[in-house]
Amino acid sequence: VAITTRLLVSHLSGIRHYEKDVTKVKEEKEKANRVIKPCQNKEQKEKEGKGIEKTDSVKLRKEHEDEVKSRNSKPGRRDKEFEQEEYYLKEKFESVIESLKIFKNDPLFFKPGDQFLYSTYGFTLLSAVVERVSGQKFTDYMLKMFHDLDMLSTVLDDNEAMIYNRARCYVYNKKGRLVNAPYVDNSYKWAGGGFLSSVGDLLKFGNALLYSYQVGQFKNTNSKLLPGYLKPDTVAMMWTPVPKTEVSWDRDGKYAMAWAVIEKKQQCGCCRQQRHYASHTGGAVGASSVLLILPEELDSESVSTGLVAPPRGVIVSIICNMQSVSLNSTALKIAREFDKEKWAQ
């Protein structure tokens with residue numbers, strides 16, 4: 001089989017995640033599908049039986065129930081993923097090429113391109129590609145990029161280094177008590193969860209992407225605008241949903257290229273409007289995070305007259321030094337409130 005970088009970045013490669021047993025992975029997927037399908041079927045029956053416009057009432061009720069359930073349960077007690085042993089590796093790897101030995105001889109879970117399976121190790125392989133193509137260590141390559149983006153607080157999560165203002169990380173133990181997170185060495189997955197950052201740096205990262213995405217839409221600026229860090233078409237490609245993908249933290253979306261993407265949609269008049277936005281959550285031993293980018297819907301007059309300049313929109317960044325905290329819905333609510341306030345002015 002052939003595995004391309006696009007398959008890797010969209011988690012369609014077939015490379016395993018932390019779970020080595022393909023049977024368990026399939027069982028978890030089937031359970032997740034069983035949870036979703038009854039709501040979908042009920043909506044369909046209501047639509048067919050009553051002959052009325054489809055509404056989101058069932059879905060909204062389900063989202064509310066999930067939110068209440070999440071609020072009433074203790075963080076760190078409901079995420080089975082963190083039971084996997086490989087989350088807690090303590091071995092030091094000198095290069096990303098060396099860290100490939102963890103999974104390189106394991107069988108693929110499916111033919112590349114056939115199914116979606118979120119895989120941290122897929123991104124480890126991507127980092128090895130970057131290392132070979134650039135001729136630099138992956139970590140050096142990334143730190144240079146962060147420096148270009150003025151993300152001066154974003155560094156490797158290296159246990160030995162003295163890092164100013166490094167936060168303590170916490171987990172709940174089996175008795176439900178708050179304890180310090182165990183020691184781990186993230187050198188086996190720099191690309192998939194090996195960097196430390198700050199809220200401010202993540203906002204800079206989001207702004208750089210949003211600027212790159214929008215700058216091509218502003219035509220009559222007399223070349224006053226600097227180019228984006230990436231080409232507009234590149235960001236648009238990154239934020240285009242990829243078929244056969246799914247997103248566990250946002251049922252409205254699909255996975256794109258390293259981002260979860262929700263497309264603009266409104267099925268019926270006076271019904272729920274779905275805005276276009278991109279997001280990604282992060283989960284590590286003792287920490288949780290999210291970065292959400294909600295681009296402003298620019299009108300043609302503003303774009304053509306140059307009355308406004310990119311980036312235009314809302315960016316929300318949340319970092320929590322607690323394991324298994326769901327943050328995406330909170331980030332989306334914050335983004336919507338700021339967006340609502342802007343249009344009210």
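Residues 24 or more positions apart account for 66% of the chain's contacts with a separation of 6 or more. That figure comes from a predicted model, as does everything below. The chain runs to 345 residues, and 37% of them are buried. Its secondary structure adds up to 10 helices and 9 strands. On the outside, the chain exposes about 20400 Å², with carbon and sulfur atoms supplying 53% of that area.

What sits inside? The largest nonpolar core has 40 residues, and the members that touch the most others are Tyr121, Leu209, Trp239, Trp259 and Ile293. Several elements give two or more residues to this core: helix 1 (5–9), helix 5 (120–134), helix 6 (138–148), helix 7 (199–214), helix 8 (232–238) and strand 8 (287–295). A second core, separate from that one, holds 12 residues, including Tyr277, Leu327, Ala331 and Ala335. Back in the largest core, Tyr121 makes a good case to look at. Setting aside neighbours within four places in sequence, Tyr121 is in contact with Ile15, Arg16, His17, Tyr18, Glu86, Ile102, Phe103 and Tyr188.

Two names from that contact list, Arg16 and Glu86, turn up again among the charged pairs. There are 14 salt bridges in the structure. One of them joins Arg16 to Glu86, with 2.9 Å between the closest N and O atoms. Arg16 lies in the loop between helix 1 and helix 2 (22–50), while Glu86 lies in the loop between helix 3 (57–72) and helix 4, so this salt bridge ties together parts that are 70 residues apart in sequence. Buried or exposed, where does Arg16 fall? Arg16 has a relative accessible area of 2%, so it counts as buried, and Glu86 is buried too, at 9%.

Glu86 also meets Lys20 in a salt bridge, at 3.7 Å from N to O. This pair again links distant parts of the chain: Lys20 is in the loop between helix 1 and helix 2, Glu86 is in the loop between helix 3 and helix 4, and the two are 66 residues apart. Lys20, though, is exposed, with a relative accessible area of 55%. So the buried Glu86 has a buried partner in Arg16 and an exposed one in Lys20.

Elsewhere, Lys204 and Asp150 form a salt bridge whose closest N and O atoms are 3.1 Å apart. Lys204 belongs to helix 7 and Asp150 to the loop between helix 6 and strand 1 (155–156), so the pair ties together parts 54 residues apart in sequence. Both ends are partly exposed, Lys204 at 34% relative accessibility and Asp150 at 39%. Through shared partners, salt bridges also join Arg16, Lys20, Glu86 and Asp106 into one network.

Now for the strands. An open sheet is built from 5 strands in the order 5-6-7-8-9, with antiparallel pairing. Strand 5 (254–255) and strand 9 (313–320) stand at the edges with a single partner strand each, so one side of each has no neighbour in the sheet. In strand 8, 8 of the 9 residues are buried, so the rest of the structure largely encloses this strand.

Strand 8 is joined on one hand to strand 7 (residues 277–284) by 7 bridges, the two running antiparallel. His280, for instance, has Leu291 in strand 8 as its bridge partner. The hairpin of strand 7 and strand 8 has 2 residues between the strands, and Gly286 in this hairpin takes a positive phi near 90°. On the other hand, 8 bridges join strand 8 to strand 9, also antiparallel. Here Ser288 stands opposite Cys320 in strand 9, and Pro295 stands opposite Gly313 in strand 9.

Two loop residues round things off. Asp250 is in the loop between helix 8 and strand 5. With 7% relative accessibility, Asp250 counts as buried. Apart from neighbours within four places in sequence, Asp250 is in contact with Ile262, Tyr277 and Asn328, and Tyr277 is one of the residues in the second core. Leu108, by contrast, is partly exposed, with a relative accessible area of 35%. Leu108 is placed in the loop between helix 4 (96–99) and helix 5. Together with Val1 and Ile3, Leu108 makes a nonpolar surface patch of about 270 Å².

How values were computed. Residues are numbered from 1 along each chain as its sequence is written. This is a predicted model: local features need pLDDT of at least 70, side-chain atom pairs count only at pLDDT 80 or more; totals for chains, interfaces and linings use all residues. Side-chain values use heavy atoms; hydrogens and water are left out. A nonpolar core is a set of buried Ala, Val, Leu, Ile, Met, Phe, Trp, Tyr and Cys residues joined through side-chain atoms within 4.5 Å. Buried means under 20% relative accessible area, exposed over 50%, partly exposed in between (1.4 Å probe, protein chains only). Helices (H or I, at least four residues) and strands (E, at least two) are DSSP runs, numbered from the N terminus. Contact means heavy atoms within 4.5 Å. Accessible areas come from the Shrake-Rupley method with a 1.4 Å probe; for residues, only the protein chains shown count as cover. Patches are made of residues with over 30% relative accessible area and no salt bridge: like charges are joined within 9 Å, nonpolar side chains (Val, Leu, Ile, Met, Phe, Trp, Tyr) within 5 Å. A salt bridge is a side-chain nitrogen of Lys or Arg within 4 Å of a carboxyl oxygen of Asp or Glu. Two strands pair if DSSP finds at least two bridges between them.
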